[in-house]
Amino acid sequence: MTTPSLDFFSFHNIINNELTSTATTRHGINPANSQPNPDAPVSSQEDLDRAVQAARVAFKKWSKTPIAERRAALHAYASAIEVNADGFAKTLTMEQGKPLAQSATEVGMASTWIRGISALVIPQNVIEETEDRKIIQRFTPMGVVGAIVPWNFPVLLAIGKVAQAVYAGNAVIIKPSPFTPYCDLKLAELATHFFPPGVVQCLSGDDSLGPMITEHPGIDKISFTGSILTGRRVMASCAKTLKRVTLELGGNDPAIICDDVDIDAIIPKIGILSYLCSSQICMMIKRLYVHENIYDAFLEKLVAFVKTLKVGEGTEADVFVGPVQNKMQFDKTKELFNSITTDRLKIALGGSIQDSAGYFIHPTIIDNPPENSRIVQEEPFAPILPVMKWSDEDDVIGKANALETGLGASVWSKDFERATRIADQLESGVVWVNSHFDVAPNAPFGGHKQSGMGVEWGVTGLLGYCNSQTQWLKKF
């Protein structure tokens, strides 16, 4: 089969493996220059009903397709994404704003995730086996999955949901963020060459489409990645039809730096893991706790490193910090920046937002703000980092755990026993020692407390796209 080559100039809904148009269209904004991106569909209730009907028909056959065939289709799909990687990366930078190198990395991760997820084994557990009976737990496909994708990682997070849903035997309908619909529409268009009609579909829309999907009685599960506020609304909406739901929500990740670290060795890592994608990643370092014995030297070297991170349009060479993705987030960040003055915080770097054609915010570092300041308490989802002193281990663990979020956390120390002792006490879904934001398709990822429910990826995440069925098999 010849691998299809996509055009990245026109964008359509994908319903039942057909490219469809809508009566109404809208367009996203390139966040680097505020220029309009191409037109994208605005889906109606009728469009959604057609997609759900196609998905329900497709599910009956796809759920019975041998898992080896599902895996083969996914592998072929992954290869096709790689062939079109350049177009996806450029489109991702156009719609999301992240630097082209970071876009290329995200697109590359998508094919890795497809292969990694489809290498997992859906288990069958033998609970009891005797001469006259056998009790087994097996995992069966759910039906139709609604995959609601955010604007910060629209390629990887869409693919993670699609790969799990399809590999488990479900049909899936992707709903991209209205801010970043383009790559997801093309991912579904590419999927038409590898999956039967109705198995992978994508509907672009405005803010009304999400509630239509979460309330639709023909959709069996929602996988949602986004804010805590919207996650609550999704959960309430899903309750009306008792949909299964996975929620991956916001975080305010702490990183605890012990006083025995090699400062020069970890500063580049900390800097990158605090400002990647303009800090618009739920699992970036958002609160940095540095031991008082090394605080001054650490802060000085962190500021010096972060100053070297080039800010600009994602298409420019060597840019590391692109724009914030949309005006809504930009305005929220400007309002948060006002608290620097009102709370009389000490600025180590940055601290102001300059006027520009795009939504650019230069990296900012706040020197030892109080714990009750907004900069510490709120997830900024923008390139501003509070750095705080600590001296007592129990105290810093308490501060790290104090918020209602619990997505990720990290501890940095040469003393592995000390680091793991601290790590074991952190209340988050993922904990790293001497790293942060390591992810893999075979490792579960999800949050504690208000950072979410359930997990994505890994066998546990995959089983979130399945129903558990217990069979009692008796012989006469």
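**Helix packing and a mixed sheet in a predicted model**

Where helices α3 and α4 meet, Ala85, Phe88, Ala89, Lys90, Leu92 and Thr93 of α3 are in contact with Leu100, Ser103, Ala104, Glu106 and Val107 of α4. Sorted by class, this contact between α3 and α4 comprises 7 nonpolar, 2 polar and 2 charged residues. The model is a predicted one, and the points below cover this helix pair, a residue within α3, and an open sheet of 7 strands.

**The α3/α4 pair**

- Two packed helices are described by the angle between their axes and the distance between the axes.
- For helix α3, which spans residues 85-96, and helix α4, which spans residues 100-117, the packing angle is about 125° and the axes lie 8 Å apart.
- The two helices α3 and α4 are therefore oblique to each other, and their crossing is right-handed.

**Thr91 within α3**

- Thr91 belongs to helix α3 and has a relative accessible area of 4%, a value under the 20% cut-off, so Thr91 counts as buried.
- Leaving aside residues up to four places away in sequence, Thr91 touches Phe8, Tyr182 and Cys183.

**The sheet as a whole**

- The open sheet has 7 strands, arranged in the order β14-β15-β16-β13-β12-β18-β19, and their pairing is mixed.
- The edges are held by β14 (346-349) and β19 (430-433), each of which has a single partner strand, so that one side of each is left without a neighbour in the sheet.
- On average, and with direction ignored, neighbouring strands of this sheet are turned by 25° against each other.

**Strand pairings inside the sheet**

- Strands of a sheet pair through backbone hydrogen bonds, either parallel or antiparallel.
- Strand β15, residues 364-367, pairs with β16 in the parallel sense over 4 bridges, and Thr364 stands opposite Ile384 of β16.
- Strands β13 and β16 run parallel and are joined by 4 bridges, with Val387 in β16 as the bridge partner of Leu288.
- Strand β12 (residues 253-257) pairs with strand β18 (residues 408-412), again in the parallel sense, over 3 bridges, and the bridge partner of Ile256 in β18 is Val411.

**Cover over the sheet**

- Helix α13, made up of residues 393-400, lies across β12, β13 (285-291) and β16 (384-390), and runs at about 170° to β13.
- Strand β16, one of the strands that α13 lies across, is mostly covered, with 6 of its 7 residues buried.

How values were computed. Residues are numbered from 1 along each chain as its sequence is written. This is a predicted model: local features need pLDDT of at least 70, side-chain atom pairs count only at pLDDT 80 or more; totals for chains, interfaces and linings use all residues. Side-chain values use heavy atoms; hydrogens and water are left out. Axes are lines fitted to C-alpha atoms, for helices over the stretch in contact, and angles run from 0 to 180 degrees between N-to-C directions. Angles under 35 degrees count as roughly parallel, over 145 as roughly antiparallel, 65 to 115 as roughly perpendicular and the rest as oblique. A crossing is left-handed if the near helix is turned anticlockwise from the far one by less than a right angle, and right-handed if clockwise. Contact means heavy atoms within 4.5 Å. Ala, Val, Leu, Ile, Met, Phe, Trp, Tyr, Cys and Pro count as nonpolar, Asp, Glu, Lys and Arg as charged, and the others, Gly among them, as polar. Two strands pair if DSSP finds at least two bridges between them. Buried means under 20% relative accessible area, exposed over 50%, partly exposed in between (1.4 Å probe, protein chains only).
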